[in-house]
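Trainee: I'm new to this one. Could you walk me through it and explain the terms as we go?
Mentor: Gladly, ask away.

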Amino acid sequence: MTVTVCRKEHFNAAHRLYNASWSDAQNAAVFDKCSNPNYHGHNYELIVKLTGPVDPETGYVYDLKKLSELLKTEVIERFDHKNLNLDTEEFKELNPTAENIAIVIWNRLRPKISDTYALGITLYETERNFVEYNG
């Protein structure tokens, strides 16, 4: 029997969606306001899900305090109040779409969490727009 536990976090970040090999007109046509040369920001909501067996000794699937600390060091301190395009190595060459941000977060967390657990990322860019990535 497996159970899924979830931890929700929040971070604010600016970004610009842009493909350097395209003209400004093509970037504007594809990415619209999100391609603003002066960037724009979002209040991201992140949900990290771990699915695994319940430990009979603790009653936990995973210690959520431990997960909270991991998210703080691997995600929040790295991306909160940053310009993703300018301030992070991950997005110097990678377009910081919600899809790519979710994949980057998953890739940062996966090596630090045992393969015993299935890892899922849900990232809300707005209240209505969100992505899910499960590796």
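Trainee: What is the handedness of the crossing of α2 and α4?
Mentor: The crossing of α2 and α4 is right-handed: the near helix is turned clockwise from the far one by less than a right angle, whereas anticlockwise would be left-handed. One caution is that this is a predicted model, where local features need pLDDT of at least 70, side-chain atom pairs count only at 80 or more, and totals for chains, interfaces and linings use all residues. Residues are numbered from 1 along each chain, and side-chain values use heavy atoms, leaving out hydrogens and water.

Trainee: Why are α2 and α4 called oblique to each other?
Mentor: Their axes, lines fitted to C-alpha atoms over the stretch in contact, with angles from 0 to 180 degrees between N-to-C directions, come within 10 Å and cross at roughly 140 degrees. Under 35 degrees is roughly parallel, over 145 roughly antiparallel, 65 to 115 roughly perpendicular, and the rest oblique. α2 and α4 are therefore oblique.

Trainee: Which residues of α2 and α4 meet?
Mentor: L70, L71, E74, V75, R78 and F79 in α2 meet V104, I105, R108 and L109 in α4, where contact means heavy atoms within 4.5 Å.

Trainee: What makes S35 buried?
Mentor: Buried means under 20% relative accessible area, exposed over 50%, and partly exposed in between, with a 1.4 Å probe and protein chains only. S35 has 6%, so S35 is buried. S35 lies in the loop between α1 (24-31) and β2. Among the residues that S35 touches are R16, Y18 and N27.

Notes
Helices (H or I, at least four residues) and strands (E, at least two) are DSSP runs, numbered from the N terminus. Lists of a residue's contacts leave out its neighbours within four places in sequence.
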